[in-house]
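Q: Please take a close look at one part of this structure and describe how that part is built and what surrounds it. A connected account, suitable for a first-year student, would be appreciated.

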Amino acid sequence: AFLLGGGRAGPIAFALLLVLGLAVLGRFAWVGARRARAVYATAALFAVAHSSVWPSPLPLFLLGLALGWLAVRTNGILVPAIVHGLF
């Protein structure tokens with residue numbers, strides 16, 4: 001429950017994990033790494049922006065990653081917008 005948002009330390013731990021993950025992604029230089037870092041950062045922002053309507057930011061972050069992947073895969077935002085609306 002600590003990492004999933006329980007108590008006061010939950011959001012801080014989640015933010016630290018996000019920063020750590022972004023730092024790890026920043027170490028890679030493969031083709032598409034820039035896009036992966038952008039999707040990761042956008043998913044983190046998505047989780048933070050929607051955390052007031054969901055008890056835990058972790059599932060929101062995973063949903064944000066999936067929506068970001070859909071946006072990259074389809075080269076647009078229509079499909080992710082539809083999936084977000086259905087969710």
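A: Read from its beginning to its end, the protein chain shows the pattern α-α-α-α. The model is a predicted one. In total, the secondary structure amounts to four helices and zero strands. The chain has 87 residues, of which 26% count as buried. Among the contacts between residues at least 6 apart in sequence, 34% join residues at least 24 apart.

The part chosen for a close look is helix 3, together with what follows it in the chain. Helix 3 has 18 residues and covers residues 57-74. From its first C-alpha to its last, helix 3 reaches 25 Å, which is close to the 26 Å expected at 1.5 Å a residue. Its buried residues are P57, L60, F61, L63, G64, L67, G68 and L70.

The next matter is how helix 3 is placed against helix 4, which covers residues 78-86. The two helices pack at an angle of about 150°, and their axes are 7 Å apart. Because angles over 145 degrees count as roughly antiparallel, helix 3 is therefore roughly antiparallel to helix 4. The crossing of these two helices is right-handed. On the side of helix 3, the contact is made by L67, L70, A71 and T74; on the side of helix 4, V79, P80, V83 and H84 take part. By character, the residues of this contact comprise six nonpolar and two polar ones, with no charged residue. Two residues of helix 3 appear in both descriptions: L67 and L70 belong to the contact with helix 4, and L67 and L70 are also listed among the buried residues of helix 3.

Between the two helices there is a loop, and N75 has its place in that loop. N75 comes just after helix 3 and takes a positive phi of about 60°. N75 has this positive phi although it is not a glycine. As to its surroundings, N75 has a relative accessible area of 74% and is exposed. Exposure is assigned here because a relative accessible area over 50% counts as exposed.

For comparison, one may turn to a residue elsewhere in the chain. V19 lies in helix 1, which covers residues 9-26. With a relative accessibility of 56%, V19 also counts as exposed. V19 and A41 are 22 residues apart along the chain, and their C-alpha atoms are separated by 9.2 Å.

Conventions
Residues numbered from 1 in each chain as written. Predicted model: local features only at pLDDT ≥ 70, side-chain atom pairs only at ≥ 80, totals over all residues. Heavy atoms only, no water. Axes fitted to C-alpha atoms, helices over the stretch in contact; angles between N-to-C directions. Parallel < 35°, antiparallel > 145°, perpendicular 65-115°, else oblique. Left-handed = near helix turned anticlockwise from the far one by under 90°. Contact = heavy atoms within 4.5 Å. Nonpolar A, V, L, I, M, F, W, Y, C, P; charged D, E, K, R; others polar. Expected span 1.5 Å × (residues − 1). Buried < 20%, exposed > 50% of the residue type's maximum accessible area, 1.4 Å probe, protein only.
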